Structure formats: C-alpha cells, structure tokens
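Reader: I'd like a close look at one part of this model, namely its salt bridges. Please take me through them slowly, and say how buried or exposed the partners are.

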Amino acid sequence: MPTMPKSLFWSRTDTAGSEHVLLDDRQGLAAQGVALAVDPIPYTCRYQLTVGTDWSTSRLEVAAEGAGWSRSVRLERTGDGWRVRTGEEGDLDAALRAAGHPPAGLPGTDDPDRLAEALDVDLGGSPLTNTLPVRRLDLKRAPADQARTVTVAWVLLPSLAVLPAEQVYTSLGPGRVRYASGSFSADLDVDPEGFVVRYPGLAERIDPR
C-alpha cells in the first residue's frame, strides 16, 4: 500500500472505541484503517478499501481479531458480481456466548448473488464508509431534500457477516446529509469533501489541535 496523504480519526460515542484511517482520495479512494471497540466483545479491525474514480467500491479486505479468535473477509466486485472469500481461526461464537451474547454465525455470505446491486460497502461502525455514497451520488452539491436509495454490502463487526442492505441518503443542504436504513436515521455533519465530522449516536471526528 503506498503512502497516504490524509489521516482521519474518529472517537466512538456509542461505546469505547475509535477509528483511524489513512487515505488518498485524489483518484477515487484508497484507504487503510484500524477500528477498535469493546462491544459486544473487545476487538480490533483492520481494513483496506479500494474505490474507483466513479466512487463505486471495487474491493474491501477486513480482518478482525479478539481473545481466542480471528476472522477475515475479502469482497471484490467484478463484471460477474461480487466475489467473497473468508477465513477463520479460533471460535468467535464461543467468546460471544461466554460474554452473554448470541453467536454470530459464519463470516461472509452463503450467496454472493444477493449483493449484485451493491455499488458501495458499509463497514459496521465505520464513519468512513458513509462517504462512499455521498461522493458517488455527489450529494455535496445536490438540492436539499433530494433522497437517493442505494444497496450496500453491509459488513457486520465483529462477525464479518456480509448482508445486502437498502439505505437512503438525503441531502439536507451544505454540510448535512441524512442517512436512513429501516427505521433508523441520523443527520450526519460532513466536511466539504464529504467525510463525516459527526455521526450522532455513533462517532465524532477528532482533528489535531
């Protein structure tokens, strides 16, 4: 991975955790990041993301690990659809049950064809991936109250299960975008480049002092 010219850091507000990403957005997006959280059990997530000049995702590689387990998933979009590869060591489900949580099941998806309509990915808990549809749909310059529906490949953490999800992004004017999925919605503050500054109930960006 080449040297990245930009660095963004978010602090989680829903739990103890953070995310740090190095990125280059001069021609699409190349990014590598690390996310940490304590819920539902403590984990570290490392990812590499590649997005084309049209801001549609071409590849996402994610590795997550905690005490006694590790998992990985690789999503790659080709002309034939999405290819999904997974790996697993240890027993995440045992760690979840020991902490009083239900098991997570297997990483990846049993049917990549369900992701066929997805042009974006959404990494659970990561404000970075909200930027992908914002930039791809050019919502920074869209008229206020213009809503766009997208299908994403949603990667859950820490399980790395991959699900198709329908999401709605609505421009609210300069620096504001509403994100909605199912019954959930949040009004995001974004900077002039479309990167999230504040995601109510999830994360806030911390800039150098």
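Author: Happy to. Relative accessible area decides the wording here: under 20% is buried, over 50% is exposed and anything in between is partly exposed, with a 1.4 Å probe and protein chains only. Do keep in mind that this is a predicted model, in which local features need pLDDT of at least 70 and side-chain atom pairs pLDDT 80 or more, while totals for chains, interfaces and linings use all residues. Numbering starts from 1 along each chain as its sequence is written, and side-chain values rest on heavy atoms, without hydrogens or water.

A salt bridge puts a side-chain nitrogen of Lys or Arg within 4 Å of a carboxyl oxygen of Asp or Glu, and by this rule the model has 16 of them. Let's take three pairs in turn.

Start with Arg135 and Asp25, whose closest N and O atoms are 3.4 Å apart. Arg135 belongs to helix α2 (residues 131-136), whereas Asp25 sits in the loop between β2 (17-24) and β3 (29-37), so this salt bridge ties together parts that are 110 residues apart in sequence. Those element names come from DSSP runs, numbered from the N terminus: helices are H or I with at least four residues, strands E with at least two. Arg135 is buried because its relative accessible area is 17%, and Asp25 is buried too, at 10%.

Next come Arg46 and Glu65, with 3.0 Å between their closest N and O atoms. Here the salt bridge links distant parts of the chain, 19 residues apart: Arg46 is in strand β4 (residues 43-51) and Glu65 is in strand β5 (residues 57-66). On your screen, look for partly exposed side chains in this pair: Arg46 has a relative accessible area of 43%, and Glu65 is partly exposed at 39%.

The third pair is Arg178 with Asp187, where the closest N and O atoms come to 2.6 Å. With a relative accessibility of 35%, Arg178 counts as partly exposed. Asp187 has a relative accessibility of 22%, so Asp187 counts as partly exposed as well.

Now, which residues are joined into one network by salt bridges that share partners? They are Lys6, Asp25, Arg135 and Glu193. You have already met two of these: Arg135 and Asp25 form the salt bridge that spans 3.4 Å. That makes this buried pair, Arg135 at 17% and Asp25 at 10%, a good place to begin when you trace the network in the viewer.
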